[in-house]
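Here are a few exercises to work through with the model open beside you. Try each task before reading its solution.

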Amino acid sequence: MKIIVVGQGAMGLLWYHHLATSNVTTSLSMLTSTQNASLNADYDFVDNQGVSFQGNVNYANNEHIKVADVILLCVKSFQIKSVLQEISKYLQNNTNIILGHNGMGTLAELPKEFISKHNIYALLTTHGSLRNAPLSITHTGIGVTDIGLVSGDVEIAEQKTLVSVLNTAFPKVTLHKSIIIKQWLKLAVNCVINPLTALHNIDNGQINNDIFTTKIEEILTEFVAVAKCEGVLLNAAELTKTVHEVAKATAKNCSSMRCDILANRKTEINYINGYIHKLGLKHSIATPENTKLLQAIFKKEKDHSAGTNNK
Ligand code: PAF
């Protein structure tokens, strides 16, 4: 199987390393926006026991894209559309496109023609990975990966073959006939943990402090109402429990949104609380808490970049 990993961040490198060291591919390459001849193509990987490994990055070119069976996108949600637009002219029909980002709403942004030509999967992960420096990551927490087809008509046997390759490289990967509920559960976790940790500059575990109880309840009540209009039935009390469990399991972690704010990077807020805000407008449901979080993160992004530019 010929695989291209797009993105050299914490998740991209984590997948690249496991695919590279497991010999499950006939061709493996990495596609990034910054790749060039002068870039040092060695990467550093530290596993969750502290053992270091050095490897080499094989960068993708157009010839790799033309024959790729799988494009594993480990980029931010707001980069999906432009990355796929750039490479779409080289892709063969029925390429397996795997979207591995936080948040929801990227599939709806893709051109209909692109969607009809390819098989699109959503990938959800609970692995912890920290980018220490460019091309250097630490696998901070062993998790699991869930994957499911979100668009396209693919025989189940073919789906299983793809997932089996990924599972051999980096277990455990589970194939789901329907991934939609899992996507909404992950979105609920992200709608709470990401903006609150970013705005208060706290580790994930601190979300379980009583001062956040009412806020979490309000965010998730709106979330459940919007999900219902989309035909997804969820229970606010169960979601709250899941959020608390994830916060506990990742207590010492810096959420991706908090990391983005601290590093003056654009966040995925538009695809997290922003997604709930947009669906609220669509269904005429008020989502004041999610909307406030969306605006507060926008403001934080602006303040941070202004602060950096003034330095
Ligand atoms: O975005 C993140 O950081 C993660 O999805 C999560 C689950 C909030 C844990 O840090």
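Buried means under 20% relative accessible area, exposed over 50%, and partly exposed in between (1.4 Å probe, protein chains only). This is a predicted model, where local features need pLDDT of at least 70, side-chain atom pairs count only at pLDDT 80 or more, and totals for chains, interfaces and linings use all residues. Residues are numbered from 1 along each chain as its sequence is written, and side-chain values use heavy atoms, with hydrogens and water left out.

**Exercise 1. Work out how domain 1 and domain 2 meet.**

Step 1: get the bounds. The domain assignment (automatic or from a database) gives domain 1 as 2–177 and domain 2 as 181–309. Their centres, taken over C-alpha atoms, sit 25 Å apart.

Step 2: count the contacts, meaning heavy atoms within 4.5 Å. On the domain 1 side 17 residues take part, touching 16 residues of domain 2.

Step 3: get the buried area, which is the accessible area (1.4 Å probe) that two parts lose on being put together, summed over both. Here that's about 1,600 Å², with 58% of it on carbon and sulfur atoms. In domain 1, Phe78, Asn102 and Met104 lose the most area to domain 2, together 46% of what that side buries.

Step 4: look for charge pairs. A salt bridge puts a side-chain nitrogen of Lys or Arg within 4 Å of a carboxyl oxygen of Asp or Glu. By that rule, 2 of them cross the interface of domain 1 and domain 2.

**Exercise 2. Describe the surroundings of Glu268.**

Step 1: place the residue. Glu268 is in the loop between α9 and α10 (helices are DSSP runs of H or I, at least four residues; strands are runs of E, at least two; both are numbered from the N terminus). With 5% relative accessibility, Glu268 counts as buried.

Step 2: list its contacts. Apart from neighbours within four places in sequence, Glu268 touches Lys76, Ser77, Phe78, His101, Asn102 and Met257.

Step 3: pick out the polar partners. The side chains of Lys76 and Glu268 form a salt bridge (4.0 Å, N to O), and a polar atom of the Glu268 side chain is 2.8 Å from the backbone nitrogen of Ser77. Lys76, at 21% relative accessibility, counts as partly exposed.

**Exercise 3. Compare the settings of two other salt bridges, Asp203 with Arg258 and Lys241 with Glu245.**

Step 1: take Asp203 and Arg258, whose side chains meet at 2.7 Å, N to O. Asp203 is in the loop between α6 and α7 and Arg258 is in helix α9, so this pair ties together parts 55 residues apart in sequence. Asp203 is partly exposed at 26% relative accessibility, while Arg258 is buried at 12%.

Step 2: take Lys241 and Glu245, which meet at 3.7 Å, N to O. They're 4 residues apart in helix α8, so about one helical turn separates them. Lys241 is exposed at 54% relative accessibility, and Glu245 is partly exposed at 45%.

Step 3: look for a network. Salt bridges that share partners join Lys76, Asp260, Arg265 and Glu268 into one.

**Exercise 4. Which residues touch the most other members of the largest nonpolar core?**

Step 1: apply the rule. A nonpolar core is a set of buried Ala, Val, Leu, Ile, Met, Phe, Trp, Tyr and Cys residues joined through side-chain atoms within 4.5 Å.

Step 2: read off the hubs. In this 35-residue core they are Trp184, Leu187, Val192, Leu196, Leu220, Phe223 and Leu234. Helix α6 gives the largest share of the core, 9 residues.

Note on methods:
Polar contact = N/O pair within 3.5 Å; in protein donor to acceptor, adjacent residues only side chain to side chain.
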